[in-house]
Amino acid sequence: MVLDKRAVRGFASRMDWDLTSFFPAVVSAEFRDFREALERQAGALRPRVEALALDPAADVDVWVRLLLDLEDFRARLSHLGAYLSCLTAADTADEAATTEESAFSALRADAETIGEGLVAALRRVSADRLDALLGDKRLEGAEFYVCEAKRLSAHRMDLPREALSAALSVNGTKAWNQLYSRLSGDLTFAVPSADGTVERVPMARRANLLASPDRAVREAAFTGGNEAWAGYESVCERALNAIAGARLTLDRERGVEHFLDNACRGARLRRETLDAMFTAINDAAPALRALGAYRAQLLGEPHVSYRDLAAPAFIEPENEPPLEWDAGCRLVGDAFASAYPALGAFFRESLEARWYDHSPRRNKRPGGFCTTSRFNGESRVYMSYEADLGSVLTLAHEVGHAWHSRLLREVRPFASGYPMTLAESASTFAEMILVEGVLESDAFSADRKLALLDTDLRRAVIFTLELPVRFYFEKRFYEDRRKGFVPARRLRELMVAEQKRSFGDVLGEDGADPLFWASKQHFYADAVMFYNFPYTFGYLLSQSLFARFREEGSSFLGEYERFLAHSGQMNCEDLVRGTLGEAIDEPAFWSRALRPLEELRGRLAAFSTRCAG
Ligand SMILES: [Zn+2]
């Protein structure tokens, strides 16, 4: 039973964090006044943006004042959003917060409309006016933001048609996405339980069961889950084709040349860079596949199988002493303090300021996150701390995010928004510091350390072999979709072909997952496409950052901090070149980033013999 630990440890009754520097309470005059002011601000911004869209030749001062007000509006919106996301996650039964959240959604929709209006206005602004605008001192540091919006505007339709498209998406792509979510929420499958009976479990539990150390449980989750999806294959096929079809139609109307251009723009990188990364992964395929094969061997399997990708080869033994919250914080604090004192000091201060909600409680949403207000510059970390090493890793990860936000506090809100490709750099870096700290410490058993290294190995396989499968599948699917409807049979075919191509001969005869396209929710997202390569990009970039840190020691940290602090005001190529002096549009960069992974096997093997001896 997964819940045992909680039952023994009991539930806390109150939230741990202090949110009073945001608002005294959600039901308070301060909160209401803030929200009402924001609503008035949105109401005033909208006609101003629309006026500019009609008359982009307006005075530079009109432009600048609008942009400054918009920036302030966005910062305040993030303040309200961060506060509400904390409250609703920490207590799903908080009715006042839930009610306020729907008012907030309306505000966010307003913000989107205003943003769309700005893009429409920029679309028609002359080059001279734009230059004058960018030269205004009040917008210093916001140049990238304005130019990016201007570039984006080249691939938008005019405002009325964009508005119509947004309205139609409610019954179009969004509706298909909801149908898919509803279906995956309704689906169940059979799993044999320990007493010999068969239990039906919801699809939402499948991912957890696929990560079970018990082979029979994994097999049941894999086969049972796929049988359930196979029964609704035609629904998934329709949904996927409809979402992609609508997207391609819009691309055509917006003058987007290739579907990957959109994804790359969102990730702030060039197609050449993406190609460079995948070229390096391809070149390293034999070594990466050997990692997959090694993991299969650790699991006692002859070949790699999609059944086992999430399975742990080593698990933290049951009888390990629990790492209570205070001990976990000490562990993270010590690792940070010795490797990266500034991060250690930041962590200590944030603990003193009570930025963390960690105790498992009823009515808490699962998962963990770090959220930041661009208005007061403060972050909050949310998680359910379970007194094991996995929870300590999550803590280090989220502190990494908070540190990234702390460094961005030095720049204006318009310069603080970073793409998904750069979102996990600081969190993964912080995790790596912790892992090194644990491996070097005498306070942990060999089994615990092996479990930690195994997590690293598992992630290496997922990020470098499995995520590329998703990317290439999606790419080939869109290529086909441009020509017409893509039937389920073809989707299965593409899926298996890409799995075989990536894993090569280490994938077992029945190791592929032909229905992965149906079961993976990311393919059905209505807002983003290619929700895959940014993960691999971010993961490998972190590997490269940490390798530099290992090599150069603390003298690298200045460059690292410049990199994080500028992550919201450059594209990825310029950022890495300008702050780290490296060229990510060349495969050589990615080959170097992959090198530490190739050493993982040796590290784990050496470690297990050392532990045995
Ligand atoms: Zn993260």
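User: In this predicted model, what distance separates the end C-alpha atoms of helix 4, and what span should its 30 residues have at 1.5 Å a residue?
Analyst: Helix 4 covers residues 95–124, and at 1.5 Å a residue its 30 residues should span 44 Å. The model, which is predicted, agrees with that expectation, because the end C-alpha atoms of helix 4 are 45 Å apart.

User: Which residue places a side-chain oxygen within 3.3 Å of the backbone nitrogen of A96 at the start of helix 4?
Analyst: The contact lies at the start of helix 4, where the backbone nitrogen belongs to A96. The side-chain oxygen that reaches to within 3.3 Å of this nitrogen comes from D94.

User: Is helix 3 parallel or oblique to helix 5?
Analyst: Helix 3 (residues 60–90) packs against helix 5 (residues 127–134) with the two axes 10 Å apart and at an angle of about 55 degrees. Angles between 35 and 65 degrees fall outside the parallel and perpendicular classes, and therefore helix 3 is described, relative to helix 5, as oblique.

User: Which residues of helix 5 make the contact with helix 3, and how many residues of the contact are charged?
Analyst: The crossing of these two helices is right-handed, and on the side of helix 3 the contact is made by V60, W63, V64 and L67. Helix 5 contributes R129, A132 and L133. By class, the contact has six nonpolar residues and no polar ones, and the number of charged residues is one.

User: How is helix 13 oriented relative to helix 14?
Analyst: The axes of helix 13 (residues 271–283) and helix 14 (residues 285–298) come within 5 Å of each other and cross at roughly 65 degrees. That angle belongs to the class running from 65 to 115 degrees, so helix 13 is, with respect to helix 14, roughly perpendicular.

User: Which residues of helix 14 take part in the contact with helix 13?
Analyst: The residues of this contact divide into four nonpolar, one polar and one charged. Helix 13 supplies I281, N282 and D283, while those from helix 14 are A285, P286 and L288.

User: Is the crossing of helix 20 and helix 21 left-handed or right-handed, and how many charged residues does their contact have?
Analyst: Helix 20 (residues 446–483) and helix 21 (residues 488–503) pack with their axes 9 Å apart, at an angle of about 145 degrees, and their crossing is right-handed. The contact includes E466, R476 and D480 of helix 20 together with R490, E498 and R501 of helix 21. Alongside eleven nonpolar and two polar residues, the number of charged residues is six.

Terms used. Residues numbered from 1 in each chain as written. Predicted model: local features only at pLDDT ≥ 70, side-chain atom pairs only at ≥ 80, totals over all residues. Heavy atoms only, no water. Axes fitted to C-alpha atoms, helices over the stretch in contact; angles between N-to-C directions. Helix = DSSP H or I, 4+ residues; strand = E, 2+ residues; numbered from the N terminus. Parallel < 35°, antiparallel > 145°, perpendicular 65-115°, else oblique. Left-handed = near helix turned anticlockwise from the far one by under 90°. Contact = heavy atoms within 4.5 Å. Nonpolar A, V, L, I, M, F, W, Y, C, P; charged D, E, K, R; others polar. Expected span 1.5 Å × (residues − 1). Polar contact = N/O pair within 3.5 Å; in protein donor to acceptor, adjacent residues only side chain to side chain.
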